[in-house]
Amino acid sequence: MSESGERTKKYNAVVVVTSDTCCRDPTQDESGPYVVEALNDFGLFKNVHKFIVSDDMDNIIKCLKKAFTTYDPALIITIGGTGMCPRDVTPEATSSLYDKHCSGITAALHSTCYRYTPHAALSRLTSGIVGATLIVNFPGKLKACRDCFSCLELILDHALEQVRSDFESYSATHQRQQAGDKVQRQLRSPSGKCIELSVSSSSLSSMNNGHAKPTKNRLGLNQQQPRSRSSSEVSKHKLSIKAIQESRDEISSLEQDNSDENLKTSEIGIRQPKAANWKHFHPKPGNPNVNTKPKAHPQPNKQPKAPQLQPQKQIVPLPQIKILQNKSSYPSIRFDESLKILADKSSYLFDKPEEVDLTTFPKAFSCVGATLAEDLAPKRIVPPFAVSTMDGYVLNVHAVMKDAIKDVKNFPPIEVVPNLQEFERRQKDQHLQQKFFCYQINTGGRLPKFHYAVIPVEKTNQVSEDRITIDEVKQGLYVRRAGCDIGENDVIKKGTVIGSVELTSIIAMGHRKFKILPCPKLGVLSTGDEVQSFFTNEFTNQDSVVDMNGPLLSSMLRLQGYHVVQGGVARDDPSELFHKIKETLTKCDVLLITGGASMGSRDHVKDVIQYMGGDIHFGRVEMKPGKPVSFATVLIGDKRKFIFSLPGNPVSAFITAFLLVIPFLKHGAERYSPKPKQIYDHVGENIWVQVGSIVDGERSVGDGEETYRFEGRLEFLRAKILSKKMEFHDGLARSMYLVEVSVKQQSSRLLSLVDCDCLMVADPALKGKSLRPGHILPAFKLNRKF
C-alpha cells in the first residue's frame, strides 16, 4: 500500500474456472466474472486473466503451468471442482504442484463458509504456494465464492507481499502493525491515570466513546460485532476522546519520524539502507549481524516508551536505483586467468556420487553424460562362449582327423543333424565321433566346445534335405573366441564420461548398478524490465522485446547433452531478482543469468549475488565481446551452486557461454579422468585462419576503406570459413582456413552467428590497427552442433 492507504496495481492474477458445463457453454459461468471483477476492484492487480477448462486433472495442470510461464501471476484462484463428485479433481491437480501448503488460509476459508451453511464441510478446497504464486481453491457456487473472497481479501495484501518477496511493502506493513495495529501500549490520561489501550489503527476512526461502529466489507456484509459488555466493563475500559486523539497523534508522529529516517538513509548513494528494506530475508545461522534475542517487554512499574523502529542491523540492503559510475568495483582480469579460476572451481561440480540402477527403466538412460565414479571390471566376458561370424555349417572334426582333412578337396556328402544338442551328443558317442557330420548355424550362433570347423554357406552345396557337400575345410576361421571383445582384464576407468558406447559396454559386462557423478543440471534466467518471455506472443506494451537469450542458451546447452531448467524472465528489481535466482538455484546446479551484469543503474545481479552470501570470483574479463561476465559460487543449504552472470546482448551471451561455461562443465566432468585435459583444450578446436575477404553486408570492402579496428582487448571475431588448404610453417605442415569476415561485429547482431564457423582471436597488441585481407590469426573452430 502507499502512504495514503491506496493500493498499487503491481501484480498479475489468473482465475481458472474448472467446469465441464462452463467449458461447453461459457455463458453458464457466473462465479468467474464475479471473481475477476472483485480482483480488479481490489486495486492490487494490474492484469486479471481468466481461463475455463474441463474437470480433467491433466488439463487443469497444463492450464496452471501455462499461466505460470505466460503471466507470472502472484495469485491464481481456481473456481469449482472442490466437491466430492468423481469429476471434482481441482484440489488434487493444484496440490500436485504445491511447494508449500497454506493450511491457515484453507482453515480460514472453511470456517468462513461454514458460518453460512453446514454443507461447507463437504468442500475439499486447498491453498498453497508454487514458486512465487499463491494458489487458492474456491468452490464453484457464486455465493460460496462471495464468502471465500470476503475472507481472503482481509489477508491478501500481506500474503502476496510475502509470497512475492516484496520486502519493502512487507516491512511497511509490519511498521504499521507495530505502530498501532497490534501493539499494546499504556497512555497517560489528563488526570495522570494510566489506562490500557489495545486497538487497531484502522478502527480508531470508527470508535466513539468506547463503542465500535459497525463496519461493512466490500461485499456489503457486516463484520463480526464485538460482544456486549457489562456496565462495569464499560466503566473500566471506557476511553476518553482526548486519549484516543493522543494515541492517534502519537502513531502519526511515529510513522512520520520513521518516514523521515527512510528519506535520510535512502538519499542518493550506493547501497544505503532503506528502513527495514529486505529485512525479512532469513539470515544464515550464526550471522553476527542479526539480533536473534527476544524483544524485552515493558515492566508494569516502568514508564513505557513508544516503540522505536530501528533499521535492521544486518547485510546492507540493495538500492532500487543506483548512481551511474564510470568505474567498476571489480578488477578486470585476463581471459587465461578466468579459465584458471574456472578450472579450479570445476572440481566442486561433482562432489557427491550417486548410484544408478539400470533395472529401473526411467533411470536406464539418465546416466548418459554423467561421469563414472568407480572402476568397472567385467562380471562376464563378451562373448561368453565362442560364436560363428558367418552363416553356414559347423563340421565335426575329430582330433585324429585334424591333419587328414587339410589336403582333402572333394568331400563325400555329409549328413546334416538337426541342432547343436544332437551334434554334441554324437561327438560323445565313440562309434560316431570320428565321422563327418554337421549342423546349420547362423551368424552369432553358439559353437561347440571343441572339434569343429565353420564352413560358410557359400562354400557348400546341398545334395538332399539332410546331405551337403563342401569344397574345403579351414579350421580356426569365422570364429569369435570367448572373451575376445571384453576380456577378464578389461576395465572401464573411473572418470570416464558415459556415452552410448560406454553405457552399452557396461551393460554387456553385466553391471546393472554402479556409481556415477551425475551430469549437472543447468538453469537459464533472463533479466530486464523490457524483456518479454519467449513463451508468449502477447506483448504487454510496445516497448517489450522478446527474450532471445533464453532459447539461445537453452538450445545450445541441450545440444551438448545437458538438462536445462527454464528460470523465465526477472525484472530489474532486487527483490524479484533475489527470489528468481534463489528459486531457480533450487532446481539446478549451474545458473546462467543474462543481463544486469554491467554498471547501469538497474544492473543489480552482482549485488544480489553478494547479498545471498555468494563469492564473486571474477566480475570482469578483458575480452570482447563479454567484458562484464562474472562467475560466482553460493551455498544453497549445504550444496555449492555456481552462477555465471553473462552480458545481455545475445552474441555476447553465446560467445561467453562457448568460451567459459562449456569448458567449465567439460573440465569438471574430467575430474577423475586418468588422462585429464587442460581446460584450454575444451574451449574449441584450435585452427589457423587467413582473412580472405572483408564484407559489409553483401558488399565487399575495398582497399582503402575503413574496416574493423581492434580495440585492445582480447577480441573474438566471428568469421565464415570459405576453404581449407595445407601450408608449411617452420618446417611443419598445418591446415590453413580461408575466411570471410564482416565488419558488423556488434554484439547485438544475432544473425552474424548464422554463418559463423569460427571465432578469430585478436591479440591485445593489435590495438589501433585495422583488419585487412591476408591477416593470419589463430581461431577456435565452432562445432556446427551449436
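In strand β38, Phe-780 is the bridge partner of Asn-686, a convenient place to enter this predicted model. Local features are described here where pLDDT is at least 70 and side-chain atom pairs where pLDDT is 80 or more, whereas totals for chains, interfaces and linings use all residues. Residues are numbered from 1 along each chain as its sequence is written, and side-chain values rest on heavy atoms, with hydrogens and water left out.

The pair Asn-686 and Phe-780 belongs to the antiparallel pairing of β33 (residues 685–696) with β38 (residues 776–781), which extends over 6 bridges. Strands and helices are DSSP runs numbered from the N terminus, with at least two residues (E) for a strand and at least four (H or I) for a helix; two strands are said to pair if DSSP finds at least two bridges between them. Strand β33 also pairs with β36 (residues 732–742), here in the parallel sense and over 7 bridges. In that pairing, Val-689 stands opposite Tyr-737 of β36. A further partner of β33 is β34 (residues 699–700), joined to it by 2 bridges in the antiparallel sense, with Val-695 opposite Ser-700. The hairpin of β33 and β34 has 2 residues between its strands, and Gly-697 takes a positive phi near 75° there.

This part of the chain also carries a salt bridge, defined as a side-chain nitrogen of Lys or Arg within 4 Å of a carboxyl oxygen of Asp or Glu. The side chains of Asp-696 and Arg-699 meet in such a contact at 3.7 Å, N to O. Asp-696 is partly exposed at 28% relative accessibility, and Arg-699 is partly exposed at 40% (buried means under 20% relative accessible area, exposed over 50% and partly exposed in between, with a 1.4 Å probe and protein chains only). Elsewhere, salt bridges that share partners join Glu-415, Glu-422, Arg-425 and Arg-426 into one network. Within it, Arg-425 and Glu-422 meet at 2.8 Å, N to O. These two residues are 3 apart in helix α14 (residues 420–428), so about one helical turn separates them. Arg-425 is partly exposed, with 43% relative accessibility. The structure holds 22 salt bridges, another of which links the side chains of Arg-334 and Glu-337 at 3.2 Å, N to O. Relative accessibility is 46% for Arg-334, which counts as partly exposed, and 28% for Glu-337, also partly exposed.

Turning to the interior, the largest nonpolar core has 48 residues, of which Phe-335, Leu-342, Val-590, Phe-644, Leu-659, Phe-664 and Phe-716 touch the most other members. Such a core is a set of buried Ala, Val, Leu, Ile, Met, Phe, Trp, Tyr and Cys residues joined through side-chain atoms within 4.5 Å. Elements that each supply at least two residues include α12 (335–345), β27 (590–594), β32 (639–646) and β35 (714–729). Helix α19 gives the largest share, 12 residues. Because domain 2 (335–347 + 520–670) and domain 5 (684–781) both contribute residues, the core lies between them; the domain bounds come from an automatic or database domain assignment. Phe-335 touches Val-621, Met-623, Leu-659, Leu-660, Leu-714 and Phe-716, leaving aside residues up to four places away in sequence, where contact means heavy atoms within 4.5 Å. Apart from this core lies another, of 37 residues, among them Ile-105, Leu-109, Cys-145 and Cys-148.

An open sheet of 6 strands follows the order β2-β1-β3-β6-β5-β4, with mixed pairing. Its edges are β2 (45–53) and β4 (100–101), each with a single partner strand, so one side of each lacks a neighbour in the sheet. Strands β1 (residues 11–18) and β3 (residues 75–79) run parallel and are joined by 5 bridges; Ala-13 stands opposite Leu-75 of β3. Helix α7 (residues 156–163) packs on the sheet, touching β1, β2, β3, β5 (127–130) and β6 (133–138), and its direction makes about 140° with that of β6. For this angle, axes are lines fitted to C-alpha atoms, for helices over the stretch in contact, and angles run from 0 to 180 degrees between N-to-C directions. Since 6 of the 8 residues of α7 are buried, the helix is largely enclosed by the rest of the structure. The buried residues of α7 are Leu-156, Asp-157, Ala-159, Leu-160, Glu-161 and Val-163. Just after α7, Ser-165 takes a positive phi of about 55°.
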